[in-house]
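Hi there,

Here is the structure I promised to pass on to you. Have a look at it first, and then read on for what I found in it.

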Amino acid sequence: MTTGPDPEALPPATSPYLHFADCVSPPEGPRLHSGTVRLIPDAAGRAKGFARLAGALRQGLAVVAPEDAEALDPEGQRAAWCEPFTLYWRDEDLPDRLVDVLEVFDRARPVRIVEPTPDGKPTDRRTDGPPAIPPLRPEPDASPMSGPRAAILRSHPAPLVAVIDDGIGFLHRRFCRRDGGLLRTRFHAVWLQAFRTVPHPLFGPSYTLAGQVLQGAEIDALLALGPRLEEGKIYRALNRQLLESGAHRSSEYGFSHGTHIMDTAAGADPDGEGEASRWPLLAVQLPSEAVDHTSGVELEPMIVRGVAWILHKAARIGGMAPVVINISFATFAGPKDGTKAIEAQIARRLGAWQARTGRVARVVLAFGNDRLNRQAARMDLIPGAAQRIDWRLQPDDRAASYLEIRSDAGADLGALSMAITCPGGAEQPLGPLPANAWRTVHGPFGAPVGRLYHIGPRITAPGTLTPAHLVLAAAPTLAEAGRMRAPFGAWRIALSAARAMTVRIEVQRGDTPRDYRPNGRQSRLDHPLAHAWDTGAAAFVRPGPGCPITRAGTHSSFVTAPSPAMLCVGAARGDTGAPSPYSAEGAPWTRPAPSLAAIADRGPALRGVVGAGTHSGAGRTLDGTSVAAARVTRALAEIWATGGVQDQPDPQELARLIAERGAPGAPVFVPRQGAGVIAP
C-alpha cells in the first residue's frame, strides 16, 4: 500500500480533538488558556525552574487555580510543585518558553474573560492584545464550624457526598433540611463551571477563573425567600452570565441529569428523619458546552478540576468525615489501561489527598452504556493481507466524529498502513504515518473532509505513559456554508501491517445528551458478519462468528486506573437482577468487570428509576449506569454513616456493601455485574 502526501507535524501535548475542532470551527477573539502541568523535578526530586514560573505569575502572565494554589507552598515546600496543578496562562506560547522546566499533561478548552460594564452587567472582554487575567480574591470560607450546618456535623458526623454532573438544581427541597421552620441547604458550596470568567456579585472578579462558586450561605439567602423564591428565575439569571449564546441550559428544563443523580445519591425529605437528611453536600456543575461535546475532550479536564476542588473544599470543611464523589459521565474510546489522563490524574489526587489528610475518599464511576452500539472491534493483522471494516457516519450530524486505533503489546503503529474510501470516492492511502504527525483526508471531489493523526507515547500524569495511537477525525456531515463537511455513509477503512499485530478499533462517543438540542449523531462500525440474530433484541444485530466487531471491552475509558479507591458500577434489572442489555462488558485485555452493579431498570417495560426533576416537586425516570453509580454512592454513604468506614479501600468494603445492600453476582454475568448487585 502506498503512502499519502507528506505529513504535517503536531505540536507537543496538543490534543488531536482540539486541533481538529479548531480546524472545523476556528476560535474567535482572545482566549485564556489552561491545562494540567507540573514543574519538572531535578535530580534531588525538587522542582526546578520555580523562579521562572514565579516570574510569570508576578507579571500576571499566568495564575494557578485557587484549589491548587493553597495546597502548594511556593516558599516553604517547593518540592510540592512537582505534583500536577492547574495553570492558566494568557500567552499561547508560554508553555513553549518554559518547556525545559514546565511539563504539560493535557490542555483544556480556553476560557473567555468577562468584565462588568459601567452598568454592572458582565460583557465579553475583546481587546487587540492578549486578555488580562483578573486578580484573584480570597475565596469565602466554606467551613461548617459555624451556623446550622456546623450543628449538624457536631451532633452527627456524616459522610460528605459530592456529585460532578450536568445541571444541578441546587435549590431543590430534596437537598435541604428543616431548621427552626426555615429551609437550609445541605450544600456547603456549588461550583457552576463555565468557559467564561464571571464577576461574582459579592466578591468581585471570579476566584474560580472558570465559572462561579455559590457558597452555602448564598443559597440559604435565596431559600429564605420562601414562597417568593422562583427557582427557574434564579437558574435563568445564572445561565445568562455563565453560558455562551446558544448553549443548552440544563437547569431551565424539567429534567436535568445532575439533579436526578444528586437526588439518587443523597436526596432526602427535608422534613423527614432519614439518615441522608444529615449528609453535607458539594456539587460541581459541568459546562453544558463541554457536556454537549460527548467526545470528552472539553469535559475531562473540567472533571479533574472538579475532583480537585471537591477535595480542597472537603479539607477546608474539616473534621474526619469520609468523602464520596459520584461521576456519572463517560467516554468510550481510550487506552483502557489506566493511563488516560482523567483517570490517572484523579487516582493520583485521591491517593495524595488521603495520605495528606488521613481521611477516606472514594470516587464512584459509571461503567458505561455502549455494549450494543457497535463501537468496538479487534483485528489480527498479518503482513501482506489487508483487513477492512466500515465506519458509518450519520446524516445531519453537526458534530465531528472520531475513531481511535491502538495496538496490543505496544506494537509500532509506524508499521501500520491505512487506506480510506469515502462514500462516492476513490481509495486514499494515508499511511504509514510517523509519530506526532497528521495527514488530511480528502473527499470525493478533493475537498478536505477529515484528518488522520498519529499520537506518539505521551506522559499523562507523573510516571504514567499513554501508548501511541491513531485518531481518525471526520468533519460534521451537516455544516454551515464554507465550513469543512464530510460525506455521510460508509467509510471503508483498510488496514495492513508490515509485521503481525493485533489492533483495537474504537469509535468515540459522539451522540447528543438527553434533552439537548440535536447536535451529534453517533457513528458506528459495520461489517458483513455483524448481523447475526440476537435473541434478547429480537433483531439481526449481534456480531457473528469471525466478526471483528465485539461487545467485549465496551466499558467507559475512565474506569481502568489501578486505584482501589475508584469504584465502577454496571446496571442491572430489578425484576431479575440480570444485567441491563446496554450495560457494558469487561474484557481480559482491559478491566475484566465492573466493581459491582446496581438496579437501574425496574423491568423490560419499565426502564429507569424515579428521581427528582430539576425543580422542587418534580420527578422523572432515568436509566443507565449513571443512576446505578449514584445508587452505589448512596449505599456506600449509608454504610459509612453506621461506622463502616475502611481506612483504605479493600475487598471487605465491597463485600459489606453487597452483603447489606444486595446479592452476589451470578457467575455467568460477572463480566457485566462484578462482585454483586446492589438493590434499592
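**The nonpolar core**

In the largest nonpolar core, which has 60 residues, Phe-170 and Phe-187 touch the most other members. Helix H12 (residues 625-641) supplies the largest share of this core, with eleven residues. Please keep in mind throughout that this is a predicted model.

If you centre your view on Phe-170, you will find Phe-187 among its contacts, together with Phe-175, Thr-185, Val-190 and Leu-192. The list for Phe-170 goes on with Leu-214, Ile-219, Ile-234, Tyr-235 and Leu-238, with residues up to four places away in sequence left out.

**Two residues with positive phi**

Most residues other than glycine have a negative phi. Two residues caught my eye on that account. Lys-336 is not a glycine, yet its phi is positive, at about 55°. You will find Lys-336 in the loop between strand E14 (323-327) and helix H11 (341-357).

The other one is Asp-396, again a residue other than glycine, with a positive phi near 55°. Asp-396 sits in the loop that runs between strand E17 (387-393) and strand E18 (401-407).

Are these two buried or exposed? Lys-336 has a relative accessibility of 2%, so it counts as buried, the cut-off being under 20%. Asp-396 has a relative accessible area of 47%, which makes it partly exposed, because that value falls between the 20% and 50% limits.

**What Lys-336 meets**

Which side chain has a polar atom 2.7 Å from the backbone oxygen of Lys-336? That side chain belongs to Thr-590. Thr-590 is in a loop too, the one between strand E31 (566-573) and strand E32 (596-601). With 13% relative accessibility, Thr-590 counts as buried.

The side chain of Thr-590 also makes a polar contact with the side chain of His-555, at 3.2 Å. Setting aside residues up to four places away in sequence, Thr-590 touches Lys-336, Gly-553, His-555 and Thr-560.

**A five-stranded sheet**

Strand E17 brings us to an open sheet of five strands, ordered E20-E19-E26-E17-E28, with antiparallel pairing. Strand E20 (427-429) and strand E28 (524-526) are at the edges; each has a single partner strand, so one side of each has no neighbour in the sheet. From one strand to the next, the twist averages 30°.

E17 is a good place to trace the pairing. On the E28 side, E17 pairs in the antiparallel sense over three bridges, and Arg-392 stands opposite Arg-524 in E28. Seven bridges join E17 to strand E26 (residues 489-497), and these two strands also run antiparallel. There, Arg-388 has Ala-494 in E26 as its bridge partner.

**Around Val-677**

Last, please look at Val-677, which lies in strand E36 (residues 676-678). Its relative accessible area is 10%, so Val-677 is buried. How far apart in space are Val-677 and Pro-579, C-alpha to C-alpha? The distance is 9.2 Å, while the two are 98 residues apart in sequence.

Beyond its neighbours within four places in sequence, Val-677 is in contact with Ala-572, Gly-577, Ala-597, Ala-598 and Ile-599. Arg-661, Gly-662 and Ala-663 are also in contact with Val-677.

Happy to talk any of this through once you have had a look.

Best wishes

Technical notes: Residues numbered from 1 in each chain as written. Predicted model: local features only at pLDDT ≥ 70, side-chain atom pairs only at ≥ 80, totals over all residues. Heavy atoms only, no water. Core = buried A, V, L, I, M, F, W, Y, C linked by side-chain atoms within 4.5 Å. Buried < 20%, exposed > 50% of the residue type's maximum accessible area, 1.4 Å probe, protein only. Helix = DSSP H or I, 4+ residues; strand = E, 2+ residues; numbered from the N terminus. Contact = heavy atoms within 4.5 Å. Pairing = 2+ DSSP bridges. Axes fitted to C-alpha atoms, helices over the stretch in contact; angles between N-to-C directions. Polar contact = N/O pair within 3.5 Å; in protein donor to acceptor, adjacent residues only side chain to side chain.
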